[in-house]
Amino acid sequence: MKYAIIAAGNGSRLAKEGVTAPKPLVKVNGEPLIDRLIRVFCDNNATEIVVICNEEMTDVQAHLAHIHRHGLAGKDVPLRFIVKSTPGSMHSFAELSQWLTDEPFVLTTVDTIFREDEFKAYIDAFTRAIGNGVQAYMGVTTYIDDEKPLYVGTDDERNITGFYDTNEANCVYISGGIYGLHPKTLRTLDDCMQRNESRMRNFQRALIADGRKAVAHPFTKVLDIDHASDIEKAEQFLNSTACGQ
């Protein structure tokens, strides 16, 4: 299983609220966001972890270079990282895609917060789903704490029927920003890039338009770190689940 992390945003909202660290190095429970994802991915059989960060993030570049050379917490990390500024998340995905052509992979943004036990269950289920012809296995949640959620339409078997900016289809779920994908979906990405699209939600819609079998996998909560207050919210969530509450 490969993993890919989009860490190319500037974290401008965090900076305006007084958070001085670049988003990938923002700490939740004392652990940088990028380190947390890399650690969790290594714990879930990562054959390679590919990361993109922007050209302005020199601290992040140095941090990734250190992990590449020395590993993380005493363990080697199969890390590859790209330094390139892009106009949007889909362009960042396209830059990563050249190393994602040979086996199933999971893609997230750097600030995605989830329970580690739920993520392991997701990876196990994704592995089974790929064997059953699923090409897109998407993490979803009923928990809405997003300024612009992407609603996910599903049938009774959690097959995804559509993605919506508003809840026009009485959807139960929103996207959690966790994408489990078969390499065949990169053809859809290429077509989106040819059409000069730039948002990941348009890629998700294109998966359905292309007839790719997409299935939703529920998480109890998935949080993003967009505001300073989200850091404390994420710590409370992770610490409460760690205590079994």
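Two strands pair if DSSP finds at least two bridges between them. Helices (H or I, at least four residues) and strands (E, at least two) are DSSP runs, numbered from the N terminus. This is a predicted model, where local features need pLDDT of at least 70, side-chain atom pairs count only at pLDDT 80 or more, and totals for chains, interfaces and linings use all residues. Residues are numbered from 1 along each chain as its sequence is written, and side-chain values use heavy atoms, with hydrogens and water left out.

**Exercise 1. Work out how E8 pairs with E9 and E10.**

Step 1: start with strand E8 (residues 151-154) and strand E9 (residues 160-164), which pair in the antiparallel sense over four bridges. Glycine 153 has glycine 162 in E9 as its bridge partner.

Step 2: look at the connection. E8 and E9 form a hairpin with five residues between them, and arginine 158 in the turn has a positive phi of about 65 degrees.

Step 3: now try strand E10 (residues 173-181). E8 pairs with E10 over two bridges, again in the antiparallel sense. Here valine 152 stands opposite tyrosine 173.

**Exercise 2. Find the partners of E6, and say how covered the strand is.**

Step 1: E1 and E6 pair in the parallel sense over five bridges. Isoleucine 6 has threonine 109 in E6 as its bridge partner.

Step 2: E6 and E10 run antiparallel, joined by four bridges. Valine 106 stands opposite glycine 180 in E10.

Step 3: check the burial, where buried means under 20% relative accessible area, exposed over 50%, and partly exposed in between (1.4 Å probe, protein chains only). Four of the five residues of E6 are buried, so this strand is mostly covered.

**Exercise 3. Describe how H7 packs, and classify its crossing with H4.**

Step 1: list the buried residues of helix H7 (residues 200-209): Met200, Arg201, Phe203, Gln204, Ala206 and Leu207. They pack against helix H4 (89-97), strand E6 (105-109), strand E7 (136-141), E9, E10 and helix H6 (186-194).

Step 2: take the geometry, using axes that are lines fitted to C-alpha atoms (for helices over the stretch in contact) and angles that run from 0 to 180 degrees between N-to-C directions. H4 and H7 pack at an angle of about 70 degrees, with their axes 7 Å apart.

Step 3: classify the angle: under 35 degrees counts as roughly parallel, over 145 as roughly antiparallel, 65 to 115 as roughly perpendicular and the rest as oblique. H4 and H7 are therefore roughly perpendicular to each other.

Step 4: pick out the contacts (heavy atoms within 4.5 Å). Ser89, Met90 and Phe93 in H4 meet Met200, Asn202 and Phe203 in H7.

**Exercise 4. Follow the aromatic pairs of tyrosine 3.**

Step 1: set the rule. Rings of Phe, Tyr and Trp (its six-membered ring) pair if their centres lie within 6.5 Å; planes under 30 degrees apart count as stacked, over 60 as edge-to-face and the rest as tilted. That gives 12 aromatic pairs.

Step 2: tyrosine 3 and phenylalanine 41 are stacked, at 4.3 Å centre to centre and 10 degrees between the planes. Tyrosine 3 sits in strand E1 (residues 2-7) and phenylalanine 41 in helix H2 (residues 33-43), 38 residues apart. Tyrosine 3 counts as buried because its relative accessibility is 0%.

Step 3: tyrosine 3 and phenylalanine 119 are tilted, at 6.3 Å centre to centre and 40 degrees between the planes. Phenylalanine 119 lies in helix H5 (residues 116-131), so this pair ties together parts that are 116 residues apart in sequence.
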